[in-house]
Amino acid sequence: MRQEILRKQFDAERSLYHLQNADIIDCVFAGPADGESVLKEARDIRLENCSFSLRYPLWHVALFRLHDSKMDELSRAPIWYARDGVITDSDIRSIKALRECRNIQLSNCTIDSEEFGWKSQGIQVADSALNAQYLFLDSRDVTLDRVKMSGKYSFQYMENLTIRDSCLDTKDAFWHSKNVTVYDSVVKGEYLGWFSEGLTLVNCKIIGTQPLCYCKDLRLVNCTMEGTDLAFEYSDVEATILGHVDSIKNPRSGEILVDSVGEVVLGDTVMECTGKVTLR
């Protein structure tokens, strides 16, 4: 039989350790005892309209639901080593909020969390706002749909990332990433995508200096570029660009089709460069 916990306050360490088959509603996790790991190793739990101000509350949990809840700055590193969870309509303000997790879905959330989503797999984020430094570092199999993202150094060392209908205001995004596809999005950032492998941008607006250098298997399909100087240096690229590009420098291989370009810089290379720039 399923347990129901209503309108309670918990602040002791491991106060609900290994809780199973329970609904936790209108509860507060805060208080003078300042205990850690209040719900560690919980299984099949549902949390609704709860607030968290304690460290490490949801470590090693499985089959959890978190709805209409808040995690403030005091709930440091709140969700680690968790699996098979759904987080909806929640406000997460905790540093290192999600790490080494598997199969977590987030929707309609506001997230302000440095180092969010590290070393995780199977994460889905939809209809959310997300502010983070080093977002999703070294993670796998991630999807973002209709996400407004801000921060720096995003999506580094990632594999199998798909982004749709989103706005990314970032810096150094996608460095050393593999198999990333971005559809119908705005991507703003300096030095975008360096050292990436298998990066594809479709119907995207790309903004910022010196993008897409040292890339392997780079594809752009019907993209626009704004303030993008010295683009594509030493990249293997096939691109169709609508409108104007400020400057293109020494593409390693492939062809870049563009309506207009301010300057094509060729020569003084450290490797053989055979890439072509063709005006459409």
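The legends below walk through several close-up views of a predicted model.

Local features are described where pLDDT is at least 70 and side-chain atom pairs where it is 80 or more, while totals for chains, interfaces and linings use all residues. Residues are numbered from 1 along each chain as its sequence is written, and side-chain values use heavy atoms, with hydrogens and water left out.

**View 1. The whole protein is built with 27 strands and zero helices.** Helices (H or I, at least four residues) and strands (E, at least two) are DSSP runs, numbered from the N terminus. The C-alpha trace spans about 70 × 30 × 30 Å along its principal axes. Of the 280 residues, 48% are buried; buried means under 20% relative accessible area, exposed over 50%, and partly exposed in between, with a 1.4 Å probe and protein chains only. Contact here means heavy atoms within 4.5 Å. Among contacts with a separation of 6 or more, 5% join residues 24 or more positions apart.

**View 2. The surface carries both kinds of charge.** About 12200 Å² of the protein is exposed, and carbon and sulfur atoms supply 43% of that area. Accessible areas come from the Shrake-Rupley method with a 1.4 Å probe; for residues, only the protein chains shown count as cover. Look for 32 positive and 43 negative side chains, the centres of the two sets lying 4 Å apart. Lys and Arg count as positive and Asp and Glu as negative, while His and the chain ends are not counted. Each charge is placed at NZ of Lys, CZ of Arg, CG of Asp or CD of Glu.

**View 3. The largest nonpolar core has 73 residues.** A nonpolar core is a set of buried Ala, Val, Leu, Ile, Met, Phe, Trp, Tyr and Cys residues joined through side-chain atoms within 4.5 Å. The members that touch the most others are Phe 29, Leu 39, Phe 155, Phe 174, Leu 212, Leu 220 and Phe 232. Strand β25 (residues 236-249) gives the most to this core, with five residues. Setting aside neighbours within four places in sequence, the contacts of Phe 29 include Phe 10, Leu 16, Ile 24, Leu 39 and Phe 52.

**View 4. Leu 58 sits in strand β7 (residues 58-59).** Leu 58 is buried, with a relative accessible area of 0%. Beyond the neighbours within four places in sequence, Leu 58 is in contact with residues including Leu 39, Ile 45, Met 71, Pro 78 and Trp 80. Asp 89 is 31 residues from Leu 58 along the chain, and their C-alpha atoms are separated by 17 Å.

**View 5. Leu 192 lies in the loop between β21 (186-188) and β22 (197-202).** Leu 192 counts as buried, at 2% relative accessibility. Its C-alpha is 5.1 Å from that of Asp 172, with their positions 20 residues apart in sequence. Not counting residues up to four places away in sequence, Leu 192 touches several residues, among them Phe 174, Val 187, Ile 206, Leu 212 and Cys 213.

**View 6. Ala 132 belongs to strand β16 (residues 121-133).** At 1% relative accessibility, Ala 132 counts as buried. Residues up to four places away aside, Ala 132 touches Ser 113, Glu 114, Phe 116, Met 149, Ser 150, Gly 151 and Lys 152. The C-alpha atoms of Ala 132 and Lys 96 are separated by 9.2 Å, and the two residues are 36 apart along the chain.

**View 7. The cysteines form zero disulfides.** A disulfide is counted when a pair of cysteine sulfur atoms lies within 2.5 Å. For Cys 101, the nearest cysteine sulfur is that of Cys 109, 14 Å away. Cys 101 is buried, at 1% relative accessibility. For Cys 213, the nearest cysteine sulfur belongs to Cys 215 and is 6.9 Å away. Cys 213 is buried too, with a relative accessible area of 1%.

**View 8. Arg 146 and Asn 250 invite a look at the backbone.** Most residues other than glycine have a negative phi. Arg 146, in strand β17 (residues 140-152), has a positive phi of about 55°. Arg 146 is partly exposed, with a relative accessible area of 42%. Asn 250, in the loop between β25 and β26 (253-265), has a positive phi near 40°. Asn 250 is buried, with a relative accessible area of 2%.
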